Amino acid sequence: MQTVLFHETIFGPIHSRRLGTSLGVNLMPCDGKVCSFDCLYCEAGYNAQGQGSTGIPRREQVKKQLSAKLKQLTEEGTNIDVITFSGNGEPTLHPDFKAIVHDVITLRDHYFPQAKVCVLSNATMAGRTNVFEALKMVDRNILKLDSAIYDTFRLLNRPASTNVMPDGIIADLKRFKGHCIVQTMMVRGEHDGVVIDNTTDAEVDALIAAYREIKPQEVMLYSIDRPTPEQNLHKVPLDELERIAARISAEGIKVQVNS
């Protein structure tokens, strides 16, 4: 079974194809995965691998470790473009997420004021007041929407709760009034004999309608780039991503394609 990617609370810096030089903040266990989605393409593997034994890091731990790392990078003369909440699951599930965001912004302002604070989130917690307020604080609020069609959404993202549906995600994203970036993974393949393809005309039409409602700063369009837990998935070629991006751009929506 594919296992977690990150074995530290503060990791990197690493090069991100979307964000540049990124220092990561993992608010989930270092030896397990905790997420409200169980996406077929997740680079950290399926939730079935378990939550591990280390537990989620306490706010004080995150602050202490991040401060030490930023101090080290400053002394080394190593620059970073972003500090990114990512890791082994959904960062907004952490009970102290808002307070940790505040700590990270304070430390960023002290050590690397030019760097952006970024959150990669599946948006399932965005309707919660504390999470919403925290995401409003960050520079780059990147929220996932892979499909606006119910069956594809449930098949590809596999939310833990039966109450999580694309219409609810779209409604929550609209509340940011443009202070968000929508991230969409384009993928083809199958799972348990069921075909998956969110690149069809119907899928793209539904996504464009959702983007119009959300009015994001931009859309990040990309496809798989690393091994996935579902092995019967396929990368969408760059030229096809660019054709889809052209349709989105024609609607007056800014779009970035990452190959």
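This passage describes the helix packing, nonpolar cores, salt bridges and unusual backbone sites of a predicted model.

We may begin with the pair formed by helices H1 and H2. Helix H1 covers residues 59–76 and helix H2 covers residues 97–111. Their axes come within 10 Å and cross at roughly 15 degrees. Since angles under 35 degrees count as roughly parallel, the two helices are therefore roughly parallel to each other. The crossing of H1 and H2 is right-handed. On the H1 side, the residues that meet H2 are Arg59, Val62, Lys63, Leu66, Ser67, Leu70, Lys71 and Thr74. Their counterparts in H2 are Ala99, Ile100, Asp103, Val104, Leu107, Arg108 and Tyr111.

Two members of this interface also share a salt bridge, with the side chains of arginine 59 and aspartate 103 at 2.7 Å, N to O. Because arginine 59 lies in H1 and aspartate 103 in H2, the pair ties together parts that are 44 residues apart in sequence. The two partners can be told apart by their accessibility: arginine 59 counts as partly exposed at 31%, whereas aspartate 103 counts as buried at 6%.

Helix H2 has a further link of this kind, in which lysine 98 meets glutamate 133 in a salt bridge of 2.5 Å, N to O. Glutamate 133 belongs to helix H3 (residues 129–137) and lysine 98 to H2, so this pair ties together parts that are 35 residues apart in sequence. Here glutamate 133 is partly exposed, with a relative accessible area of 31%, and lysine 98 is partly exposed at 33%.

In total, the structure holds 19 salt bridges. Among them is the one between lysine 144 and aspartate 146, at 3.9 Å, N to O. Lysine 144 counts as buried at 11% relative accessibility, and aspartate 146 is buried with a relative accessible area of 1%. Elsewhere, salt bridges that share partners join Lys33, Asp38 and Arg158 into one network.

What of the nonpolar interior? The largest nonpolar core has 74 residues. Those with the most contacts inside this core are Leu27, Leu70, Ile80, Phe85, Phe97, Leu135 and Leu145. Helix H6 (residues 201–214) gives the most to the core, with 7 residues. A second, separate core is made of 6 residues, including Leu19, Cys118, Ile142 and Met220.

The surroundings of isoleucine 80 give a closer view of the 74-residue core, in which this residue is one of those with the most contacts. Setting aside residues up to four places away in sequence, isoleucine 80 touches Pro13, Thr21, Leu23, Leu70, Leu73, Phe112, Gln114 and Ala115. Leu70, one of these neighbours, is also listed among the H1 residues that meet H2.

Pro13 and Leu23 appear again around lysine 69, a residue of helix H1. Apart from neighbours within four places in sequence, lysine 69 is in contact with Ile10, Gly12, Pro13 and Leu23. Lysine 69 and leucine 23 are 46 residues apart in sequence and 9.2 Å apart in space, C-alpha to C-alpha. Is lysine 69 buried or exposed? At 19% relative accessibility, lysine 69 counts as buried, because the cut-off for that class is under 20%.

The backbone offers a few sites worth a look. Most residues other than glycine have a negative phi, and most peptide bonds are trans. Against that background, a cis peptide bond joins glycine 12 and proline 13, with omega about 10 degrees. Proline 13 lies in strand E1 (residues 10–16), and both glycine 12 and proline 13 are among the contacts of lysine 69.

Arginine 158, although not a glycine, has a positive phi of about 50 degrees. This residue sits in the loop between helix H4 (150–157) and helix H5 (166–174) and is partly exposed, with a relative accessible area of 25%. Arg158 is also a member of the salt-bridge network with Lys33 and Asp38.

Aspartate 192 likewise has a positive phi of about 50 degrees without being a glycine. Its place is in the loop between strand E6 (181–191) and strand E7 (194–197), where aspartate 192 is exposed, with a relative accessible area of 68%.

How values were computed
Residues numbered from 1 in each chain as written. Predicted model: local features only at pLDDT ≥ 70, side-chain atom pairs only at ≥ 80, totals over all residues. Heavy atoms only, no water. Salt bridge = Lys/Arg side-chain N within 4 Å of Asp/Glu carboxyl O. Helix = DSSP H or I, 4+ residues; strand = E, 2+ residues; numbered from the N terminus. Buried < 20%, exposed > 50% of the residue type's maximum accessible area, 1.4 Å probe, protein only. Core = buried A, V, L, I, M, F, W, Y, C linked by side-chain atoms within 4.5 Å. Contact = heavy atoms within 4.5 Å. Axes fitted to C-alpha atoms, helices over the stretch in contact; angles between N-to-C directions. Parallel < 35°, antiparallel > 145°, perpendicular 65-115°, else oblique. Left-handed = near helix turned anticlockwise from the far one by under 90°.
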